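Biologist: Could you pull up the model so we can go through it together? I have a handful of questions for you.

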Amino acid sequence: MTAVGIDAIELWTGKLRLDLPNTFAPVKGEDPGKYTKGIGIEYSSLPDVYEDIVTMGANAAKRLMDREGLTPDDIGRIDVATESAFDNSKPVSTYVAGCLEQVYDGDFHHANKGERKFACLSGTQVIDDAYNWIRAGRNRGRAALVIATDTALYERGDPGEATQGAGAVAMLVDEDPDVVALSTEQGYGSADETDFLKPNQQFPSVDGKRSIQVYLARMREALEDYESVAGDTHPDDFVYFPFHTPYPGMVRKAALLGYRHITRGTDIEDALADDIGMQPREADFAEWDDYEEAIRAYMDELKETRRYREWYERAIDPTVRIAGQVGNWYTGSVHLARLSALRAAAEEDADLVGEKLLVGSYGSGAQAEIHAETVQDGWREGVEAVDVEARLDNRYDLSYEEYELVHDVHNHEKEVEVDEFTQPSGEFVFTGWGRMNERR
Ligand code: CAA
């Protein structure tokens, strides 16, 4: 069976950044350690006043197409994943295609376009849809362009404000992929939940503490469902575990519980019991919704063990490094986690061909999905081509007053000149509702 998966990746970060420990924390009267150590985010990426989900998505897609030497004829499908959509009728992909058609010969009239919504999870659902479309033989030799684009902004004063972010990830899904091939097995955990909602409103209504429990409960269900088709998971089966990262502290919690789950019944569990001097009680794990109270004593010990720390440093820490520099990109977040890990491996000159990733995606509302991916021959060139550091370093540093102004502009409360902070430079820019975005 021909492999299908991610052939190329590109990103576009919002061009502004907010320094959480040095600019945000003093105004909020918080210890900087809450952001650097607890939440795990140093900088939030924010969109400049001329950026939105369309311009960021189109700019990421243009980079991808230019780098890969693609024309519209090579693309048979454009899907956008977002939870920041502004149009209840036209999918964001039509706006993105409209931008791209301004700069390429040819058009996307033949391409199937859509928009996927399931909070952050839809960033993976667009990959799944493309995979299924290619596997079904309906792609006529063409690839799918999938884009995850979001402005993750919260009301000022909401606890979620510290996890904001904005950016887009564009990916090419194709046969014989260069970066990763997807497995056919998937696991799901899904339930109707109301901890994170945006019904006809700009900023989400969030029960933050509850949202943590829901994330963990649905991920646990997805992992069990995945194991029911793929067999038991072992910590050493996977080189990295890229997970949806609303903030790195959330992944720390998921990793701890996940590690406990995938070590049960293994030799590692016995060795850990010796290290810790206590056996985990299986009954405690029945109620993951209340896990923090039920199993804190065992977990507090587990996270201090050498075995766990070594696994975390190897398999988890590399996945959250980009998130710590940009915040939550919602639908793009799990794709940043994969990219973050692969770039860390490339920097260490590791040989990953044939290694496996266990990818955990999550969307509020709520659903988690777990699947495996196999690293392909061209992974190193594929991730080294993305100039992540330069793009993150080039962001404009906002003062707190400027941050408030930008936030108000994106909430349609204020207007400023396009060049208030940065100048557009050969990119698509937002020029007003109901008008075509321009390239400047
Ligand atoms: N030094 C070190 N650590 C510190 C510290 C300090 N000085 N001060 C606080 N901390 C730690 C805290 O102990 C805490 O860690 P633990 O959770 O491990 O105990 C962490 O920093 C955060 O501190 P608080 O819990 O006090 O933070 P908060 O209540 O202000 O906000 C939050 C946390 C509720 C997650 C909030 O950021 C939020 O509402 N975020 C949006 C919702 C969200 O991201 N939920 C995640 C699951 S839902 C999802 O994944 C979908 C999505 O993308 C949104």
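What follows is our back-and-forth on this model.

Biologist: Before anything else, what mean pLDDT does the protein chain have?

Modeller: Keep in mind that this is a predicted model. For the complex, the predictor gives an ipTM of 0.99 and a pTM of 0.97. In the protein chain, 95% of the residues reach a pLDDT of 70 or more, and the mean is 94.

Biologist: Okay, and what is the radius of gyration of the protein chain?

Modeller: The secondary structure of the chain comes to 15 helices and 15 strands. For 440 residues the globule rule gives 22 Å, and the chain comes close to that, so it is as compact as a globular protein of that length; its radius of gyration is 21 Å. Along the principal axes, its C-alpha atoms fill a box of roughly 65 × 55 × 40 Å. So, back to the value you wanted: 21 Å.

Biologist: Now the ligand. Which residues come nearest to it?

Modeller: By class, the shell around the ligand has 13 nonpolar, 10 polar and 4 charged residues. Helices H2 (33–39), H6 (208–230) and H7 (248–263) each supply at least two residues of that shell. Of the 27 residues around the ligand, the nearest are Gly33, Lys34, Gly38, Gly160 and Gly208.

Biologist: You mentioned H6 and H7. At what angle do they pack?

Modeller: Their crossing is right-handed. H6 brings Ile212, Tyr215, Leu216, Met219, Arg220 and Leu223 to the contact, while H7 brings Met250, Lys253, Ala254, Leu257, Gly258 and His261. By class, that makes 8 nonpolar, 2 polar and 2 charged residues. The axes of H6 and H7 lie 10 Å apart, and the packing angle is about 35 degrees.

Biologist: Anything odd in the backbone? Which peptide bond is cis?

Modeller: Look in the loop between strand S11 (356–363) and strand S12 (367–375), where Ala366 has its place. Omega is near 0 degrees for the bond from Gly365 to Ala366.

Biologist: And which residue other than glycine has a positive phi, near 45 degrees?

Modeller: Try the loop between strand S5 (112–116) and helix H5 (122–135), which holds Ala119. The residue with phi near 45 degrees is Ala119.

Notes: Residues numbered from 1 in each chain as written. Predicted model: local features only at pLDDT ≥ 70, side-chain atom pairs only at ≥ 80, totals over all residues. Near = placed C-beta within 6 Å. Helix = DSSP H or I, 4+ residues; strand = E, 2+ residues; numbered from the N terminus. Nonpolar A, V, L, I, M, F, W, Y, C, P; charged D, E, K, R; others polar. pLDDT = per-residue confidence, 0-100. Axes fitted to C-alpha atoms, helices over the stretch in contact; angles between N-to-C directions. Left-handed = near helix turned anticlockwise from the far one by under 90°. Contact = placed C-beta atoms within 7 Å. Rg over C-alpha atoms; globule rule 2.2 N^0.38 Å.
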